[in-house]
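Subject: Structure handover

Hi there,

Here is the structure I promised to pass on. Please open it alongside this email, and my notes follow underneath.

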Amino acid sequence: MRTRKTWEMTWFEIKDAIADNAGIIIPIGATEQHGPHLPIATDSIVATETAMALAEENNLLVALPITYTCKSRPQTGGGMNFIGTHGLKGQTFIDMLCQVIEGYMRHGFKRIVLLNGHMENSNFIYDAAYQSMEDGKHGDVKIVIFEMAFDEFPEDLMKDLFGDDFPGWGYDHAGIYETSMFLYKRPDLVQFDRAVDDRPGEMVWYDVLPIPDSFTSESGCLWKAKHATPEMGKRVWEAQLAKLNEAIKKELPL
Ligand SMILES: [Zn+2]
C-alpha cells in the first residue's frame, strides 16, 4: 500500500483497502501544555506515531487524529489554567467521537481501534464507542479500546525508569516517560535544555474547583523531565508496541 495515512489517500484507495479487510485505528490525543520542553500536541503525536507503527502488520489504516479532546486535570496534566490547553465539554467530545466512529462504520470498516494518548479521555472514549454500537446496525463490527500500555510495563523497566520513586502515571505528566519517548521518536520537538524536574505544590487524592494553584506546578511539568533519556524512550516505545500488537492480534486477527 502506498501509505496507511487516510488523510493522504484517495477515497478509491480507502475503498480498496476496506475490501481487503483493512481496519481503522483512530489516534486520540489532546491539545495540552506539556511543560517548557515538549509541544502542545504531545499526546496527539504519541498516539499518531504509535498508530503508524501498528498499521502495517495489522492491516490498519490510520485515521486523522482527534486532537481537541477532554479537560486536563491539575494532578494528571496540569489542569485547565495553562495557556495552550484546551478541553471540550464531555458531551461535545462524546458526540463528536461517536459520529466519527459511525462514519467509519458506514464506510464499511469492521475492525476499529481507538488508541488513547491522554488519560482524561478514557471513560468518555468508552462511552462514545458504546453509543456508536448501541443502535445494533453494525453487528459484525468490533471496536478495541486502548490506553497507552504503560500499566503493563515489566518490573525491571519500571525500576529503570523511576527507581524507588514512581509517583503514579498521572503525576508523570511531561515527565520521564513522555520526555524519554520524545527524545527517542521525535528529538526534533524536544527542547531538552529547558526541561525541569518539578512537582505539584500539593499532591492530593481529590480535586477542587476553582482550581487551587498549589494543585499543579508552575512549569506545567509534574515530575522529573530531566531524568529522561532516549535509551529509556526506546525501551518504553518497544514495550508499548509489543503489548498493543499482541492485543490487536488477539482481538482483531487478520
Ligand atoms: Zn501527555
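Below is what turned up, going from the metal site to the open and enclosed spaces and then to a helix pair.

Please keep in mind that this is a predicted model.

The zinc site

Three residues coordinate the zinc ion: His 34 through NE2, Asp 43 through OD and Glu 178 through OE, at 1.8 to 2.0 Å. Along the sequence these donors follow the spacing H-x8-D-x134-E. Asp 43 belongs to helix 2 and Glu 178 to helix 7, so this pair ties together parts that lie 135 residues apart in sequence.

The largest pocket

You may want to look at the largest pocket next, which holds about 330 Å³ of space. Its lining counts 21 residues, and those nearest the centre are Gly 117, His 118, Met 119, Phe 150 and Tyr 177. By class, the lining of this pocket splits into seven nonpolar, seven polar and seven charged residues. Helix 2 and helix 7 each give at least two residues to the pocket lining, and helix 7 has the largest share, with three.

The cavity

How many cavities of 30 Å³ or more does the structure hold? There is one, and the space in the largest cavity comes to about 40 Å³. The residues lining the largest cavity are Ile 45, Val 46, Glu 49, Met 181, Phe 182, Lys 185, Arg 186 and Trp 237. Five of these lining residues are nonpolar and three are charged, with no polar ones. Helix 2, which spans residues 42-55, and helix 7 each supply at least two residues of the cavity lining.

Helix 7 against helix 8

Helix 7 (residues 176-185) packs on helix 8 (residues 230-251) at an angle of about 95°, and their axes are 7 Å apart. That angle makes helix 7 roughly perpendicular to helix 8. On the helix 7 side, the contact is made by Tyr 177, Ser 180, Met 181, Leu 183, Tyr 184 and Lys 185. Helix 8 brings Pro 230, Met 232, Gly 233, Lys 234, Val 236, Trp 237, Glu 238 and Gln 240. Sorted by class, the residues of this contact are eight nonpolar, three polar and three charged.

Some residues come up twice if you read across these notes. Met 181, Lys 185 and Trp 237 are part of the helix 7 and helix 8 contact and also line the largest cavity. Tyr 177 takes part in the helix contact and is listed among the residues nearest the centre of the largest pocket.

Happy browsing, and all the best!

Conventions:
Residues numbered from 1 in each chain as written. Predicted model: local features only at pLDDT ≥ 70, side-chain atom pairs only at ≥ 80, totals over all residues. Heavy atoms only, no water. Axes fitted to C-alpha atoms, helices over the stretch in contact; angles between N-to-C directions. Helix = DSSP H or I, 4+ residues; strand = E, 2+ residues; numbered from the N terminus. Parallel < 35°, antiparallel > 145°, perpendicular 65-115°, else oblique. Contact = heavy atoms within 4.5 Å. Nonpolar A, V, L, I, M, F, W, Y, C, P; charged D, E, K, R; others polar. 1 Å grid on protein atoms, 1.4 Å probe; cavity = no way out; pocket = protein on both sides within 12 Å on 5 of 7 lines; lining within 4 Å. Points joined across faces, edges and corners; volume = space filled by probe spheres on them. Donors = N, O, S within 2.8 Å, 3.2 Å for Na, K, Ca; no water.
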